[in-house]
Amino acid sequence: MDWNNDSNVDLLVGDTGGNISLFLNTSSDAMPQLDAGRIIMASDGTFDSERAAPIVDDWNEDGKKDLIVGRMGGTIEIYLNEGTDALPVFSTLSLLQVDGTDFDIGTRSAPRIYDWNHDGLKDMLIGELYGNIYYLENVGTNAAPVFDSYEMFLLANGDPLKYDYANNPTGAPRSRLFVTDWNEDGLDDIIVGGANGKLELYTSVVPEPVSSTLFILGGAALGFRHFRKKFKQ
C-alpha cells in the first residue's frame, strides 16, 4: 500500500481500540524505514471499528484512496474519501452488503480485496475469528461492486480451509490472509496468519468443474465449465 504515492510501500495498522495508524516509508522498498506514524482520523474524529483491520482501495474508482475496515462486530465498514487522494477526508460510512443486507461474518472480520476469479472485477476475501476464509464474488462493476452471496474456502478433501485447525480445531485463531502465486504454477495460493503468530501456506490444486452452462452460438452448442479452486496445505 503506497499511501503518499511516492512509489514506496507504507504500513497501515489497526488496533484494539479501533484506531488506524499510518507509518510512511521514508527510505525504499528494498530497505524500508518507517516514520513515527500518525493516527488516521475520520472527519468526525473517530472510526467506529473496534479491533480495526483496515485496507486501502479505490472502492468507487474515482481516483482516490478509500478505507475498507474489518471490525470486532463482524461487519465490513467502507469509508469513501470525499477529499483528494493526497489529502483524504473520510466522512461517508457505509456497511458492505450481500444480497441487499449488511454483511456480518460474526466477529473479527478481516477483509482483503483481490480479483479471485480473474474476471477483471475486484472480489472480497474475508478472514474471521474462527480461522475460516470466505469468498465474495463481485457481480457488479469495479466502480459499484455488488455481492449477492458468499462461500467458504475448502481444502481438496472438502474440509474448510481453517487456520491452525490441526492444533486448535475448536478455538479462535483469527485468520488474516494474503494471496500470491507461491509456487509460480499460475494458480492463486493463500498465506494465512493468525493469533499464534505462525504463517500457513495453502497452495491451489488443479480445479474441478462445479457447474456447467450451455451456450448456443451460430446454431452450435458450446459447453462452458466453471471451476472452483481448492487447496492443499
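The largest nonpolar core in this predicted model holds 15 residues, and the members that touch the most others are Trp59, Ile68, Leu96, Phe103, Met124 and Leu136. Three elements give two or more residues to this core: strand 6 (76–81), strand 11 (123–127) and strand 12 (133–136).

Leu136 is a good residue to click on if you want to see how this region is put together. Leaving aside residues up to four places away in sequence, Leu136 touches Leu96, Val98, Phe103, Asp123, Met124, Ile126, Phe147, Ser149 and Tyr150. Among these partners, Leu96, Phe103 and Met124 also appear in the list of core residues that touch the most other members.

Next, the sheet. Strands 10, 11, 12 and 13 form an open sheet in the order 10-11-12-13, with antiparallel pairing. Which strands stand at the edges? They are strand 10 (110–114) and strand 13 (151–152); each has a single partner strand, so one side of each is left without a neighbour in the sheet. Strand 10 is joined to strand 11 by 5 bridges, and the two run antiparallel. To find your bearings along this pair, look for Arg112, which stands opposite Leu125 in strand 11.

Now for the charged side chains. The whole structure contains 5 salt bridges, and the table shows three of them.

| Salt bridge | Closest N to O distance |
|---|---|
| Lys122 and Glu61 | 3.2 Å |
| Asp85 and Lys65 | 3.3 Å |
| Arg71 and Glu77 | 3.2 Å |

The pair Lys122 and Glu61 links distant parts of the chain, 61 residues apart. Lys122 sits in the loop between strand 10 and strand 11, while Glu61 sits in the loop between strand 4 (53–57) and strand 5 (66–70). Are these two residues buried or exposed? Lys122 is buried, with a relative accessible area of 8%, whereas Glu61 counts as partly exposed at 44% relative accessibility.

The loop between strand 4 and strand 5 also carries Lys65, and Asp85 lies in the loop between strand 6 and strand 7 (90–95), so their salt bridge ties together parts that are 20 residues apart in sequence. Lys65 counts as buried, at 6% relative accessibility.

In the remaining pair of the table, Arg71 is buried with a relative accessible area of 16%, and Glu77 is buried with a value of 2%. Salt bridges that share partners also join Asp57, Glu61 and Lys122 into one network.

Definitions and conventions. Residues are numbered from 1 along each chain as its sequence is written. This is a predicted model: local features need pLDDT of at least 70, side-chain atom pairs count only at pLDDT 80 or more; totals for chains, interfaces and linings use all residues. Side-chain values use heavy atoms; hydrogens and water are left out. A nonpolar core is a set of buried Ala, Val, Leu, Ile, Met, Phe, Trp, Tyr and Cys residues joined through side-chain atoms within 4.5 Å. Buried means under 20% relative accessible area, exposed over 50%, partly exposed in between (1.4 Å probe, protein chains only). Helices (H or I, at least four residues) and strands (E, at least two) are DSSP runs, numbered from the N terminus. Contact means heavy atoms within 4.5 Å. Two strands pair if DSSP finds at least two bridges between them. A salt bridge is a side-chain nitrogen of Lys or Arg within 4 Å of a carboxyl oxygen of Asp or Glu.
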